[in-house]
Amino acid sequence: MPAPAAILDLVARFGKHIDACKTGSYHEKQLRTDCIAPLFEALGWDRNNKQRYAEACRDVIHEDQVKVGGTVKAKARQEKRIGSNLEATVALTLPAEGFTHPVFSDPATLHEFLILSDLQITRGTDLAAVVTESSHHKCARCWKHLPDVGTHAEHPTLCGRCVEAVQI
């Protein structure tokens with residue numbers, strides 16, 4: 001099945017303007033507006049919650065709304081427990097009911113979406129999150145705190161994914 005025209009258009013537009021996107025004046029908020037939000041919409045996600053789901057059950061939960069069990073990454077940063085999102089290890093407990101969207105069964109996607117190095121998901125009765133500082137070393141290339149940083153003799157400061165990337 002070929003990619004939808006809306007996605008092909010986004011890819012072409014991004015490719016045309018990639019140099020501008022790499023400058024210091026192009027910020028994350030602008031990238032979200034120009035690329036990520038339209039991508040979610042092209043994939044059929046109800047980004048603006050037209051179906052009026054409760055906040056925790058929406059297709060897209062905006063970062064400033066992510067409040068899980070009274071704990072947010074921002075609070076952990078304010079309390080100086082972590083310096084950046086990638087320093088966070090998050091233990092997330094999802095209720096069995098209401099979290100059936102496929103993204104909740106895909107920890108790798110949630111890692112990227114929530115901008116975390118380590119995410120542990122369990123099922124329980126109540127929605128809850130505990131944010132702690134990662135005990136792993138930081139990769140010099142991707143800045144994620146991962147357990148395999150320092151285990152590659154040829155690139156001791158990189159994680160396995162980055163070692164593969166630099167060897168290509």
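At 39% relative accessibility, R13 counts as partly exposed, and in this predicted model R13 takes part in a salt bridge with D9, the closest N and O atoms of the two residues being 3.6 Å apart. D9 is likewise in the partly exposed class, with a relative accessible area of 45%. The two residues sit 4 residues apart in helix α1 (residues 5-16), and are therefore separated by about one helical turn. In general, an α-helix has 3.6 residues a turn, so residues three or four places apart point the same way. A search of the whole structure finds 1 salt bridge, and the D9 to R13 pair meets the description, with its N and O atoms at 3.6 Å.

**Overall architecture and confidence**

The secondary structure comes to 6 helices and 5 strands, and from the N terminus on the elements run α-α-α-α-β-α-β-β-β-β-α. The protein has 168 residues, of which 29% count as buried, and it exposes about 11,100 Å², with carbon and sulfur atoms supplying 56% of that area. Among contacts between residues at least 6 apart in sequence, 54% join residues at least 24 apart.

The mean pLDDT of the protein is 76, and 80% of its residues reach 70 or more. Among the elements, helix α4 (residues 73-78) has the lowest mean pLDDT, at 59, whereas β4 has the highest, at 92. Over residues 63-71 the pLDDT is below 50, and this stretch has 18 contacts in the model beyond near neighbours in sequence.

**Strand β1 and helix α5**

T89 belongs to strand β1 (residues 88-95) and is buried, with a relative accessible area of 10%. Leaving aside neighbours within four places in sequence, T89 is in contact with D118 and Q120, and also with the run V130, V131, T132, E133 and S134.

Helix α5 (residues 107-114) has L110, H111 and L114 as its buried residues. Seen down the axis of α5, these buried residues fall within an arc of 105°, so they line one face of the helix. L114 has a relative accessible area of 17% and is thus buried; its C-alpha atom is 8.3 Å from that of N85, although L114 and N85 are 29 residues apart in sequence.

P107, which is also in helix α5, counts as partly exposed at 36% relative accessibility. Leaving aside neighbours within four places in sequence, P107 is in contact with L119 and I121, and its C-alpha atom is separated by 9.4 Å from that of D118, a residue 11 places away along the chain. D118 is also among the contacts of T89.

After helix α5 comes I115, whose phi is positive, near 55°. A second positive phi, near 70°, is found at W143, a residue other than glycine. As a general matter, most residues other than glycine have a negative phi, and most peptide bonds are trans. W143 lies in the loop between β4 (137-138) and β5 (145-146), and it is exposed, with a relative accessible area of 52%.

**Cysteines**

The structure holds 0 disulfides. The sulfur of C142 is 3.8 Å from the closest cysteine sulfur, that of C139, which is too far for a bond, given that a disulfide requires the two sulfur atoms to be within 2.5 Å. C159 is in no disulfide either, the nearest cysteine sulfur, that of C162, being 3.7 Å away. The two cysteines differ in class, since C142 counts as partly exposed at 25% relative accessibility, whereas C159 is buried, with a relative accessible area of 2%.

**Accessibility of selected residues**

The table collects relative accessible areas for several of the residues discussed above.

| Residue | Relative accessible area | Class |
|---|---|---|
| D9 | 45% | partly exposed |
| R13 | 39% | partly exposed |
| T89 | 10% | buried |
| P107 | 36% | partly exposed |
| L114 | 17% | buried |
| C142 | 25% | partly exposed |
| W143 | 52% | exposed |
| C159 | 2% | buried |

How values were computed: Residues numbered from 1 in each chain as written. Predicted model: local features only at pLDDT ≥ 70, side-chain atom pairs only at ≥ 80, totals over all residues. Heavy atoms only, no water. Salt bridge = Lys/Arg side-chain N within 4 Å of Asp/Glu carboxyl O. Buried < 20%, exposed > 50% of the residue type's maximum accessible area, 1.4 Å probe, protein only. Contact = heavy atoms within 4.5 Å. Areas by Shrake-Rupley, 256 points an atom, 1.4 Å probe, with all protein chains shown as cover. Arc of directions from axis to C-beta. pLDDT = per-residue confidence, 0-100.
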